[in-house]
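Reader: I am new to this structure and would like a close look at a single part. Please take the metal site and the helix that serves it, and go on from there to the surroundings.

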Amino acid sequence: MEFNKDLGIQQVAFTEKTNYKNFPMVPRVIFGKGSFDQLGDILLPKRKHSDAPFIFLVDDVFEGKELANRIPLLFNDQIIFISADEEPKTSQVDALVEMIRKEYSELPSGIVGIGGGTLMDLAKAVSILLTNRGGSSEYQGWDLVNKPSVYHVGIPTISGTGAEVSRTTVLLGPEKKLGINSDFTTFDQVVLDPDLTQGVSKEQWFYTGMDCFIHCIESLDGTYLNAFSQSYGEKALELCKEVYLGDISEEESREKLMMASWHGGMSIAYSQVGVAHAMSYGLGYVLGVRHGIGNCLVFQHLQEFYPEGVALFKEMQNKHGIIMPKGICSNLSDEQFDIMVSVSLAMGPLWENALGTSWREIITAEKLQAIYRKI
Ligand SMILES: [Fe+2]
């Protein structure tokens, strides 16, 4: 089982038997405030004909808002508003695909995801399942997708997860939480418009941005580090420091965090995340804690593994007056702790990246449980 949002390349690069990953990148990206308004022009040449619509999957926080009115609808295009309150599910993807197939005789010209990580993941998964038969849970894993997906576009409205650049889409399935990792998952086009992140709450801005910061720390302090990952990770870390500790304007901050997310995503794409992510997935699996805040809840207690990173994190937290919830694990049963620990320990590559090949000698179930109990 795999529980990671970031595992585009698990067990493929920099293991004992070298097998370098031929990593797909987003072929087209547009960046700049207001660039969202070029979406109509971007999509026009991709329209197959008037019966093949564009389907816009949009976070429902934008329902009735100005952004929804700016979506360049033509012919029989459709907007589907989706709640991002919960992590994306395979059943949700299958229902969307069935609905689109029933409603249109033609395959859509494309799928456009507008929102945070959940909407990015849903857009990727729906575009894959429209051309690949069966249920989405059949494709959870590595390179199980046979046919190219329909054209799909990612437009993030919150910065940090790196979902806009990754080759995975993590879905909660009937039996597991696992990504559809494939060369057909990566977006064909990404629109990075920093103005779209304007309405994000302070807490969400902090927790999602810290996902990016933690990607940088885990990548740069990891044993899988290489020049490719380092070049992106160092830039992303520098940008995170400017955003969360520097004295820059809000506008500049939005632009820099958007690029930090991108670079952080590129950094882990060719290395791996580490202890905070491994533990955060245990927390998410048992308690449904969302990715960004889950990482933060864990990371604050990881001085032993990332002393400089944790010190920086606390400095950022204090500067922005973020008070994290406490006692998250206080009422858990022994059985729940056992599940949390085993989910976390199943993330072998993350531990190997963090602690080296003999990680099992360093991290034990007791040690993990002791950290969880502090949360
Ligand atoms: Fe992450």
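Author: What follows starts at the metal site and moves outward along its helix.

The model is a predicted one, in which local features need pLDDT of at least 70 and side-chain atom pairs count only at pLDDT 80 or more, while totals for chains, interfaces and linings use all residues. Residues are numbered from 1 along each chain as its sequence is written, and side-chain values use heavy atoms, with hydrogens and water left out.

The iron ion has as protein donors D211 (OD), H215 (NE2), H277 (NE2) and H291 (NE2), lying 2.2 Å from it. Donors are N, O and S atoms within 2.8 Å of the metal (3.2 Å for Na, K and Ca); water is not among the atoms, so sites may look incomplete. Along the chain these donors follow the spacing D-x3-H-x61-H-x13-H. H215 lies in helix α5 and H277 in helix α8 (residues 275-287), 62 residues apart, so the pair links distant parts of the chain. Helices here are DSSP runs of H or I with at least four residues, numbered from the N terminus. Both H215 and H277 are buried, which means under 20% relative accessible area; exposed means over 50%, and partly exposed is in between (1.4 Å probe, protein chains only).

The 4 donor atoms subtend angles of 83 to 169° around the iron ion, which makes the arrangement irregular. Four donors count as tetrahedral if all angles lie between 85 and 135 degrees; four count as square planar and six as octahedral if opposite donors are over 155 degrees apart and all others between 65 and 115; anything else is irregular.

Next comes the nonpolar core. The largest one has 55 residues, of which F213, M279, L283, F299, L302, Y306 and W351 touch the most other members. Helix α5 (residues 202-220) gives the most to this core, with 9 residues. A nonpolar core is a set of buried Ala, Val, Leu, Ile, Met, Phe, Trp, Tyr and Cys residues joined through side-chain atoms within 4.5 Å. Leaving aside neighbours within four places in sequence, F299 is in contact (heavy atoms within 4.5 Å) with F213, I214, I217, A276, Y306, G309, V310 and F313.

Helix α5 also holds W205, whereas Y244 is in helix α6 (residues 227-245), 39 residues apart. W205 is partly exposed, with a relative accessible area of 22%, and Y244 is buried at 0%.

Technical notes
Helix = DSSP H or I, 4+ residues; strand = E, 2+ residues; numbered from the N terminus.
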